[in-house]
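Hi,

Here is the structure I promised to pass along. Have a look at it first, and then read on for what turned up when I went through it.

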Amino acid sequence: MPTFRRSHQIPESIHSLLSGEYQDFELLVRDDGNTSDGTEEAVAAAAAGDTRVRYHRNSANLGVARNLNAGICDSQGELIAVCHDHDLYLPGFLKAMVNALDRHPAALYVHCASQVIDQEGEQKGANVSDFAELTPGAEWLKFMLSTPHCPVCALTLVRRSANERYGLYNPRDGFVTDIDMWMRLSMYGDVAYVREPYLLLRERERNHHANSNFGGISRTVARIHSRYIPVAYRGAERIKPMLRLQVWLSRILLTGSARALKRRLVRAEFQRVRVEGT
């Protein structure tokens with residue numbers, strides 16, 4: 001569980017994991033913040049002496065990928081579950097994910113459906129798909145390349161052996177480094193899916209950096225796609241997905257630019273009204 005300045009939400013996330021049906025796990029909390037926000041104290045209070053919880057604060061900010069990698073290297077389990085510090089996990093989450101990998105030895109990772117909640121915990125929607133319980137990796141890779149929206153939630157369960165053999169998270173891909181991971185692992189094994197929405201994904205704060213870096217994140221996603229199109233397709237087959245990717249990126253960036261311009265105009269008008277007193 002990588003964390004960064006969410007001492008007000010991480011206790012609820014920890015409680016939801018510790019009270020789950022599957023109990024044989026360790027929870028590594030990797031703090032990428034500093035001592036000023038009370039995260040260490042919040043984690044200690046939430047753990048309440050439970051020795052499964054191990055807290056570590058990085059001496060310097062590592063960023064998403066390096067923080068995840070450090071946690072994976074420090075972990076001891078055969079399976080690796082990435083858990084966010086603001087999301088919630090229903091009691092059957094880990095049990096269902098572990099059982100899925102037990103049923104499908106060819107799967108290198110399993111992901112599951114989710115519900116979306118707002119900052120106050122109210123349900124806003126759901127992400128439930130009719131994916132097969134097991135999809136061949138080559139087929140899944142092509143499916144991921146067919147859409148700019150990643151169909152895999154970052155909160156997956158991965159075989160440790162897969163990380164050791166095929167690599168960890170790529171720091172160059174920043175906030176969306178997990179997309180590269182799911183595509184890369186799909187090159188070497190199959191993908192399992194749990195249709196029950198065991199995850200409660202909390203919407204990000206309005207001032208979250210991902211909300212202000214729309215263009216940069218979109219370009220990184222496009223770069224990841226262009227990395228794997230030559231893997232999934234051969235020869236002239238690559239032309240169509242590459243053209244489709246360019247169309248998507250242009251459309252997404254234009255839409256994002258239009259929204260950003262609209263926000264700036266609204267702010268400017270608001271300031272004008274305040275200054276003029278009308």
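I'll begin where two helices meet. On the α5 side the residues involved are Leu141, Lys142 and Met144, and they touch His225, Tyr228, Val231 and Ala232 of α8. By type, this contact between α5 and α8 has 5 nonpolar residues, 1 polar and 1 charged. Before I go further, please keep in mind that this is a predicted model.

As for the geometry, α5 covers residues 137-144 and α8 covers residues 214-232, and their axes lie 10 Å apart at an angle of about 140°. Angles over 145 degrees would count as roughly antiparallel, and α5 and α8 are therefore classed as oblique to each other. The crossing of α5 past α8 is left-handed.

α5 has another helix to deal with, too. It packs against α7 (residues 177-186) at an angle of about 145°, and here the axes are 8 Å apart. From α5, the contact uses Gly137, Ala138, Trp140, Leu141 and Met144, while α7 brings Ile179, Trp182, Met183 and Ser186. That set splits into 7 nonpolar and 2 polar residues, with no charged ones. If you put the two lists next to each other, you'll find Leu141 and Met144 in the contact with α8 and again in the contact with α7.

So how much of α7 is buried? The count is 10 of its 10 residues, so the helix is largely enclosed by the rest of the structure. The buried residues include Asp178, Asp180 and Arg184, alongside Ile179, Met181, Trp182 and Leu185. You may want to colour that helix when you open the file.

Now for a sheet. It is an open one, with 3 strands in the order β1-β2-β3 and parallel pairing. β1 (2-3) and β3 (53-57) are at the edges with a single partner strand each, so each has one side without a neighbour in the sheet. β1 and β2 (residues 27-31) run parallel and are joined by 2 bridges. In one pairing you can look for, Pro2 has Arg30 in β2 as its bridge partner.

Two helices pack on this sheet. Helix α1 (residues 10-18) touches β1, β2 and β3, and its direction makes about 165° with that of β2. Helix α3 (residues 63-74) also touches β1, β2 and β3, with its direction at about 145° to that of β2.

A couple of backbone oddities are worth a click. Arg5 is not a glycine, yet it has a positive phi of about 55°; you'll find it in the loop between β1 and α1. Ala48 is another non-glycine with a positive phi, of about 50°, and it sits in the loop between α2 (39-47) and β3. Is Ala48 buried or exposed? Its relative accessibility is 65%, and the cut-off for exposed is over 50%, so Ala48 counts as exposed.

Finally, the overall picture. The chain holds 9 helices and 10 strands, and 46% of its 278 residues count as buried. Looking at contacts in the chain with a separation of 6 or more, 79% are between residues 24 or more positions apart.

Shout if anything is unclear.

Cheers

How values were computed: Residues are numbered from 1 along each chain as its sequence is written. This is a predicted model: local features need pLDDT of at least 70, side-chain atom pairs count only at pLDDT 80 or more; totals for chains, interfaces and linings use all residues. Side-chain values use heavy atoms; hydrogens and water are left out. Axes are lines fitted to C-alpha atoms, for helices over the stretch in contact, and angles run from 0 to 180 degrees between N-to-C directions. Helices (H or I, at least four residues) and strands (E, at least two) are DSSP runs, numbered from the N terminus. Angles under 35 degrees count as roughly parallel, over 145 as roughly antiparallel, 65 to 115 as roughly perpendicular and the rest as oblique. A crossing is left-handed if the near helix is turned anticlockwise from the far one by less than a right angle, and right-handed if clockwise. Contact means heavy atoms within 4.5 Å. Ala, Val, Leu, Ile, Met, Phe, Trp, Tyr, Cys and Pro count as nonpolar, Asp, Glu, Lys and Arg as charged, and the others, Gly among them, as polar. Two strands pair if DSSP finds at least two bridges between them. Buried means under 20% relative accessible area, exposed over 50%, partly exposed in between (1.4 Å probe, protein chains only).
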